[in-house]
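Me: I would be grateful for a close look at one part of this model, followed by an account of the other local features that deserve attention.

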Amino acid sequence: MNTASKKYHSLYSRIILSITGTVILLILIMTLFFGTWMKNSLINTLDDNSRNILEATKIHVENLHRGLSYYEDSLISKRKLDIRNNDYIAYSIITNAWNSYKSGSVDEETARNQAISYLRNIRYDNDEGYFWITTADLPVPKMLMHPYYPELEGQILDAPEYNTALGTDKNLFTAAVEVCLADGEGYIDYIWSKPGSEDPSGLFQKLSFVKYFEPWNLIIGTGLYLDDVQADIETRMSLNIDDLNQLIIRQKIGESGYIFIFDSDYKLLVHPLIAGTDGRNLINPETGDSLLDEMIESLSQSDGYFEYIWEKPGAEGEFRFRKKAFITSYPPLGWYICSTTYMDDVDESVSIMLKSFSIIASVFILISIFLSLLVSRNITNQLSAIIKKIKKTDQTGIPMAYVPDSRLTELHFLSEVINNMLDSIKDSRAELRRERDFSLRIITDAPYIITSVKMDGTTAFINKRGQEVTGYSNSEFLDKKWIENFHPRENKNLFELLLKELTVKEIEDKELILTARNGEDKTIVWSSMTRRNDNKEIIEIIFFGRDVSKRKEAEEALRKSEKRAHLLLNIIPDLLFIISDEGIFIDYESNNREFYINYDFHQKSVEELLPPDVAELTVQKVQEALKTGEIVEYIYTLMNPQKERMHFEARMIPSGTNEVLAIVRDVTDKKRMQEMMVQSEKMLSVGGLAAGMAHEINNPLAGMLQTSNVLATRLNEINIPANIKAAEKVGTTMEIVHAFMKSRGIFRMLENISESGIRIAEIVENMLSFARKSDDSTSTYSIPVLMDKTIELAATDFDLKKHYDFKLIQIIREYSNSLTEVPCQPGKIQQVFLNILSNSAQALREANVDNPMMKIKIYEDHEKRIIIIEIEDNGPGMTEETRKRIFEPFFTTKPVGTGTGLGLSVSYFIIKENHGGDMNVQSTPGDGCKFIISLPIDRGEVIEKY
């Protein structure tokens, strides 16, 4: 073999060539397939991202539409309520005029004409709102008053242009009469002209509320124009689109892709660059057709997938970039939503990654060449050393190893040396040596402790693992007592018992504590086998040990973690459930909650345990959480065992492939507090309205009372010189005038006018109490004393002529001793007490309650520094709807003409605004009624709701 051949066939050169060639080949193959795989992966990822963002945008649009629909319904409902309340005010004005006529204060025609004239001048809603009045005659009524079309007054409204009632095309005024005669009041839809409109002859859709006043056979109507509502809706939609544009600007798909939305009129509603423009101007440069038309057509042909050529941000006007678009539609709005990506973004990303990969591959090739040099040099050096050793034999003349012949240069020389020795090596000795070396390697390198202990307790052998666990070297083990080294204290006795046990049988998985050299206790699981002599006596014990200390530590940590988790569950105030996608309760943690303590949820369905509506909602939310993978929140209501309505807030999040974790919280108290806050805000706003009305009434009222007094003086006082002179001037005397006035009842009429004016003044004063705090001086007073005085006043005020006698009601007083006096205005506080007592007394009489009773309890909360007054009766109670509105101004359950609806509302403002206290009512139908008043002892402090 020549030198060149030897060099080519050397192990050193083959190792270098093999390693380097293999690495280069693998890199080439990986580069080829990696580029294709990476490009496909990026395209698929970009497509998935585009579809996901498209679906998320569609959900956002759907939520926007739902919110807009809710806003439209709420706005129309509010405007309908406004026109109904306005018509009620007009009705009350007509009613007051009727009452004036019935009381004899004025004749019927005058009262009727005054009321109609007053309503003619009322405007609201920027002068677009007004009232109109017709008769209630059929088949066609007559117009009595219309402020914008006075030429209609007195006409029978049978002209064809009035046949504009929507849904029926019948006469709108006839439709109003039919609604009122059937139900007393109601709504009608129709077409009518609009005051102040740019097109006076144009007709607009209008909604009116009409109410029937039976004594005078009148229909009173007022309405609103629905185009105003639509304008608000369109403004809201425009704001929502602006918000959506701001959101879309932040959305990027890949490097340059984006989302845009256009409507059925091809207007680009949402676009990061050209929002608000006409989409008909977008032309596909490949086909010459409308780009948006082609996108819409792709919805039916390719499941919303479309490719085209377009320009790119930064390269405007260069229509050469391939784009991919995914399109979906939202029919309720007629919108089309598109997500677009640029395909060259993928090519650029792949190119960048391949360049990076090439650089890494080059570095890897250089490293592999360097490593192959090191590896080959190391191997050949070792083989050279082996050759030198093999040439030497042991003391018996037997070679140390056997190597077969090879074409490699180094191994070739090695085989020549070894083959000269093969004839002298015995097969049996070689086999024995191999078996011994293999067994020794197993024992030495085993991952378990292997040690042998003589019967006197000394150590004969321990492997490497044993040395690592105990911390002692092999030389420190030999001939040392195992027990004394590793089993001090109580563990020593345990090991002695183990040795005695081994004389009878071998052990398996015996757990003992071993103390290492550093004093650390380690848990070892032991198994054993015994070595016996020819007489079957045990001469040596072989132990096999596994160090399970870390496993024990992990088990202890797990136990502590489970304990902490259990303690955490016990203190969480919420209810925890695991619910499957089929609505089955897999597990739950109730933690002794009052409401769920008697329920067994395990493997029960929601339909078994919850009302149908709540069960259906729960299953729906489970499916939604599993579909979106996000937290889903909702609120539901249940009845507790005491038939009380309870509110719960639930949150769900996926906890597995087909199950969710549901956290349920009792928010009943929170909901009640929100209702109380809404009621309080409503009271304050209505109070301001009442105050404004009161100020407007005061001026004409003062003139009326003053004129009435002057008129009474001029007609009644006979001896006033000015009166005598005026009578003589017209040829009569004051005695004749006085006699005439008396015989015609003029003085009685003047008294009625004065009494009515005074009553109106009292109502005005009550209304003014809503918006201002009293300037009356305050001092400290005993609440029980004020209550007793009020009860005495009520006993004298309520008598049989008012159909009920307060003295027949049993009064139970429960006053705490040593009550702190309260800073207050005594007259105002007595007014509040009297209003409550009078309402309770009238309710007891109207319900014909046997043994009517009122229980009055006054006590002090020292911690909150308040005095609490509870006034409770055994009357008929009230509904929840009435309870919520009991403090509203003008709200009354009494018949028309009996009450103003201001008593309790004035009382509320006296307590809340004038005294910084609080007032609420508790009642259910059939269980009586309890008013609770709390007054602060320290004047000026605002107290919390009690």
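Where is the place of Arg865?

Reply: The model is predicted, and the description that follows should be read as computed from it. Arg865 sits in the loop that joins strand 24 to strand 25 (866-873). Its backbone is notable there: phi is near 60°, a positive value in a residue other than glycine. Most residues other than glycine have a negative phi, and most peptide bonds are trans. With a relative accessible area of 35%, Arg865 falls between the limits of 20% for buried and 50% for exposed, so this residue counts as partly exposed.

A second positive phi is found at Asn848, where the angle is near 50° and the residue is again not glycine. Asn848 belongs to the loop between helix 22 (826-846) and strand 24 (853-861). Strand 24 is thus an element that borders both the loop of Asn848 and the loop of Arg865. Asn848 has a relative accessibility of 56% and therefore counts as exposed.

Two further backbone features may be set beside these. Gly916, which follows helix 24, has a positive phi near 65°. The peptide bond that leads from Leu138 to Pro139 is cis, with omega near 15°. Pro139 lies in the loop between strand 1 (131-135) and strand 2 (143-145).

Helix 24 itself comprises residues 903-914. Its end C-alpha atoms are 15 Å apart, which agrees with the 16 Å that its 12 residues should span at 1.5 Å a residue. Helix 24 is mostly covered, since nine of its 12 residues are buried, that is, under 20% relative accessible area. The buried set includes the run Leu904, Ser905, Val906, Ser907, Tyr908, Phe909, Ile910 and Ile911, together with Asn914.

Helix 3 (residues 108-120) presents another arrangement. Its 13 residues reach 18 Å from the first C-alpha to the last, close to the 18 Å expected at 1.5 Å a residue. Ala111, Ala115, Ile116 and Leu119 are its buried residues. They cover an arc of only 125° around the axis, which puts them on the same side of helix 3. An α-helix has 3.6 residues a turn, so residues three or four places apart point the same way. The other side of helix 3 carries Glu109 and Gln114, which are exposed. Glu109 also takes part in the capping of the helix: a side-chain oxygen of Asp107 lies 3.3 Å from the backbone nitrogen of Glu109, and Asp107 thereby caps the N-terminal end of helix 3.

Two individual residues in other helices add detail. Thr57 is part of helix 2 (residues 11-102). Thr57 is buried, with a relative accessible area of 8%, and its side chain reaches the backbone oxygen of Ile53 at 2.8 Å. Ile367 is part of helix 7 (residues 343-390). Its relative accessible area of 41% makes Ile367 partly exposed. Ile367 is 347 residues away from Thr20 in sequence, while the C-alpha atoms of these two residues are 9.6 Å apart in space.

The interior remains to be described. Rolling a probe the size of a water molecule over the atoms shows where empty space is left. The structure holds two cavities of 30 Å³ or more. The largest cavity contains about 110 Å³ of space. It is lined by 13 residues, of which Phe577, Phe585, Leu610, Tyr636 and Val664 are the closest to its centre. At least two lining residues come from each of strand 16 (575-580), strand 18 (632-639), strand 19 (645-654) and strand 20 (659-666). By class, the lining of the largest cavity has 12 nonpolar residues, one polar residue and no charged residue.

The second largest cavity has a volume of about 40 Å³. Tyr130, Trp132, His146, Leu172, Phe173, Tyr190, Trp192 and Lys206 line it. Helix 4 (172-183) and strand 3 (185-193) are the elements that give two or more residues to this lining. The lining of the second largest cavity divides into six nonpolar, one polar and one charged residues.

Conventions: Residues are numbered from 1 along each chain as its sequence is written. This is a predicted model: local features need pLDDT of at least 70, side-chain atom pairs count only at pLDDT 80 or more; totals for chains, interfaces and linings use all residues. Side-chain values use heavy atoms; hydrogens and water are left out. Helices (H or I, at least four residues) and strands (E, at least two) are DSSP runs, numbered from the N terminus. The expected span of a helix is 1.5 Å times one less than its number of residues. Buried means under 20% relative accessible area, exposed over 50%, partly exposed in between (1.4 Å probe, protein chains only). The arc is that of the directions from the helix axis to the C-beta atoms. A polar contact is a pair of N or O atoms within 3.5 Å; within protein, one must be able to donate a hydrogen and the other to accept it, and residues adjacent in sequence count only if both atoms are side-chain atoms. On a 1 Å grid over the protein atoms alone, a cavity is a set of points where a 1.4 Å probe fits but cannot get out, and a pocket is an open set with protein on both sides within 12 Å along at least five of seven lines; lining residues have an atom within 4 Å of a point. Grid points are joined across faces, edges and corners, and a volume is the space filled by probe spheres set on the points. Ala, Val, Leu, Ile, Met, Phe, Trp, Tyr, Cys and Pro count as nonpolar, Asp, Glu, Lys and Arg as charged, and the others, Gly among them, as polar.
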